[in-house]
Amino acid sequence: MSVPPPSERILIVDDEDQIRALLARLLGAHGYQCLIAESAAAARCVLEETDVSLVLSDVNMPGESGIDFTREVLARYPDTAVVMVTGMDDRSYADAAIELGAYGYVLKPFKPNELIINVGNALRRRALEIESRSSRERLEQTVLDRTAALRDTIAQLERSDAELRRLREETIRRLSWAAEFRNQETGEHIVRMSLYCALLARLAGLDPGHAEAIRVASPMHDVGKIGIPDRILLKPGRLSEDERRVMEAHTEMGHRILAGSGVELLDLAAVMALTHHEWMDGTGYPSGAEGEDIPIEGRICAIADVFDALTSDRVYRPSFPPDEARSLMLEGRGTQFDPDLLDLFLGSFDDVLAIRRAAGTGAAEQTPPVTPTQASERRATA
């Protein structure tokens, strides 16, 4: 028979000297290291000072029940197995011991082989439970480590995604500024206009993701002006019919520049570039679309663009005060502008003015009075 390794240390707890000696002799013959204690109190002292693989405890001991002692051992030393030895052939004691977690229950008088088998089985079960617990702990730690690594990876991806969005938006803004700078404007126009668009998109009930896409894409609405000659784009006076046709071509130029990339944001910008000068009554350009045939993004862009144009200086006119711009836009309700969207925009005029203040006005608010005829002409060419 193979000899167990020295680490298999057994504590024998019994108040009878002869039983302790017999158990120690039997177990020692099979290679186990045996420690002895005549009471539960003495056994506690041993357990506090020495690692023990198994406790072999009597059920009936002076002053303390072996059942109570077993409960304490199993609670305080979960890596220690307990086998109970008793002269009481009482099923209730056996059931109580097993329910507590005892690894075995041996009746006196016992046969040597019966004892050795019970002890061997208890130690094997203990080893399996320790290994199972260790495996579970290793698995739990692995899950924790991998979860932490996954969180770190997600955080890095989110940071990268946020940086990509920032770079994308900055690139769009700077490309949009190229057209605005030629028109002697600052980048404040496209910032204000994009914020007006986002506000109106939210007021119209579009989902937040769509509203944000409109905000980011809208600065590109006039990118087609890059193809308009300076002599027309920067002309301070009224455009001739031929010059107007060239100027109006900026919508289709912008669409050609932006469309067909397969990038959702650029496709959205292409729609806004093409349709932001369409009128609800069908008299706009380039295609004369009317009503809801004009995409809502184009209708939103039209309102935001005209309001910012009216309240900003242009080479052909000074700016209008916001209240006067509001009155001029109301003249186009249902003809130039979507009436429902215009009502939402002007109904939140305090928010509109807050955006205008925060993003810069681009012009003084005091301008010379204009006649109704001049106002109508200027609204149409804004």
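In this predicted model, the exposed residues D17, Q18, R25 and A29 sit on the face of helix α1 that is turned away from its buried side. The buried residues of α1 are I19, R20, L23, L26 and L27. These buried residues cover an arc of only 140° around the axis, so they lie on the same side of α1. An α-helix has 3.6 residues a turn, so residues three or four places apart point the same way. The length of α1 was also checked. Helix α1 runs over residues 17-29 and has 13 residues. At 1.5 Å a residue it should span 18 Å, and its end C-alpha atoms are 18 Å apart, so the two values agree. G31 follows α1 and has a positive phi, near 90°.

One residue of α1 leads on to the protein interior. L27 is buried in α1, and L27 is also among the residues with the most contacts inside the largest nonpolar core. That core has 42 residues. The others with the most contacts inside it are L11, L54, V55, L56 and V119. The surroundings of V55 can be listed. Leaving aside neighbours within four places in sequence, V55 is in contact with L11, V13, L47, F69, V73, T80, A81, V82 and V83. A second, separate core has 39 residues, including A201, A217, C301 and L342. In soluble globular proteins, nonpolar side chains tend to be buried together.

I214 lies in helix α7, which covers residues 208-217. I214 has a relative accessible area of 0%, so I214 counts as buried. Residues up to four places away in sequence aside, I214 touches C197, A201, L206, L268, M272, E297 and I300. One of these, A201, belongs to the second core. The C-alpha atoms of I214 and A198 are 6.3 Å apart, although 16 residues separate the two along the chain.

A94 is placed in helix α4, residues 91-100. The relative accessible area of A94 is 15%. Buried means under 20%, so A94 is buried. A separation of 9.8 Å lies between the C-alpha atoms of A94 and V59, which are 35 residues apart along the chain.

A buried residue can also lie outside the helices, as the next case shows. D338 is found in the loop between α13 (322-331) and α14 (339-347). Its relative accessible area is 7%, so D338 is buried. The side chain of D338 makes a polar contact of 2.6 Å with the side chain of R299. The D338 side chain also reaches the backbone nitrogen of L341, at 3.1 Å. With neighbours within four places in sequence left aside, the contacts of D338 are M280, R299 and I303. R299 therefore appears both in the polar contact and in this list, around a residue that is buried.

The whole chain was considered last. The protein chain has 16 helices and 7 strands. Of its 382 residues, 43% count as buried. Contacts with a separation of 6 or more were sorted by position: 65% of them join residues 24 or more positions apart. The accessible surface comes to about 19,600 Å². Carbon and sulfur atoms account for 53% of that surface.

Note on methods: Residues are numbered from 1 along each chain as its sequence is written. This is a predicted model: local features need pLDDT of at least 70, side-chain atom pairs count only at pLDDT 80 or more; totals for chains, interfaces and linings use all residues. Side-chain values use heavy atoms; hydrogens and water are left out. Helices (H or I, at least four residues) and strands (E, at least two) are DSSP runs, numbered from the N terminus. Buried means under 20% relative accessible area, exposed over 50%, partly exposed in between (1.4 Å probe, protein chains only). A polar contact is a pair of N or O atoms within 3.5 Å; within protein, one must be able to donate a hydrogen and the other to accept it, and residues adjacent in sequence count only if both atoms are side-chain atoms. Contact means heavy atoms within 4.5 Å. The expected span of a helix is 1.5 Å times one less than its number of residues. The arc is that of the directions from the helix axis to the C-beta atoms. A nonpolar core is a set of buried Ala, Val, Leu, Ile, Met, Phe, Trp, Tyr and Cys residues joined through side-chain atoms within 4.5 Å. Accessible areas come from the Shrake-Rupley method with a 1.4 Å probe; for residues, only the protein chains shown count as cover.
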